[in-house]
Amino acid sequence: MAYYRPYHPPADPALVRQLTQQQNEMRARQRIEPLATPPKLIAGLDSSFPTEDTILSVIVVLTYPGLELVEKAYNYGPVDMPYVPGFLSFREAPNLIHAFAKLQHQPDVLMVDGHGYAHPRRMGIGAHIGILLDKPSLGVAKQVLTGQYPEPAPEKGNVTPLTDKKTGELIGEVVRMKDRVQPVFVSPGHRLDQAGATALALGCAGGYKLPEPTRLADLWAAKFKSEVL
DNA sequence: GCGACAG
DNA sequence: ATCTTGTCGC
């Protein structure tokens, strides 16, 4: 599998301190609570990088629980921030916000590609975006960032807790979206709780590893790539 | 002090 | 994220 770990170039200490403080301030505005009303529209948010210094963000809006695609929007521009583990949101959120402004339909929930609460400071991009737009949100990641967990059983629908190794706090859940396929890491971001986040992810199961909103956002990001080049 | 590290 | 072939299992 992982014969060698990815090497992350050293990050500027001053920048890291500044961004860490910014995340801690945003955390004060975060609200982990049950979803107020059942969602009618759910969005999938994802970004890709057509070139080293160009970011392309895509947002798709689907009906819920029907999962019919009703709209897609995108925006692209230059990348400012470098990728630093734990600070992904500062690199991708700005452009996602611009794409969000182009939507004709206003989604009730935002499903973001990346972690939400399951983050060192509980402020992954899934939470960051929700707080900036003040909308219910959750994060769905393909790889773990922090925390420990037992492997969920191989059948679709099985869930296992993702907890903070030091405090034991539940920070997310490992969810099997499809039989015998790698599970995804689900955590609430804002105006949503863990049970609601996991229920939404499973409610968006479409026979693939990823829930439909993020899978389609991913798919369209690839299709729009040609328009950027 | 030694690892771990979303996209 | 991105660059990449063939291959195994359902």
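Before the picture, one bit of vocabulary: strands here are DSSP runs of E, at least two residues, and helices are H or I runs of at least four, numbered from the N terminus; two strands pair if DSSP finds at least two bridges between them. Keep in mind this is a predicted model, where local features need pLDDT of at least 70, side-chain atom pairs count only at pLDDT 80 or more, and totals for chains, interfaces and linings use all residues. Residues are numbered from 1 along each chain as its sequence is written, with chains lettered from A and ligands numbered from 1 in the order in which they are written.

OK, the sheet. We have an open sheet of 8 strands, ordered β3-β2-β1-β4-β5-β8-β7-β6, with mixed pairing. β3 (69-78) and β6 (159-163) sit at the edges with a single partner strand each, so one side of each has no neighbour in the sheet. Strands β2 (residues 54-63) and β3 run antiparallel, joined by 9 bridges.

Now, two aspartates. UniProt, in an unreviewed entry, lists Asp-46 and Asp-113 under "binding site"; positions follow the numbering used here, feature names are shortened, and annotations may be inferred rather than shown by experiment. They're spread over 68 residues of sequence, yet the largest C-alpha distance is 5.4 Å.

Asp-46 is in strand β1, and Asp-113 in β4. Buried or exposed, Asp-46? Buried, because it has 29 C-beta neighbours inside 10 Å. Asp-113 is buried too, with 27. The cut-offs: 20 or more other C-beta atoms within 10 Å is buried, 12 or fewer exposed, in between partly exposed, with C-beta atoms placed from the backbone.
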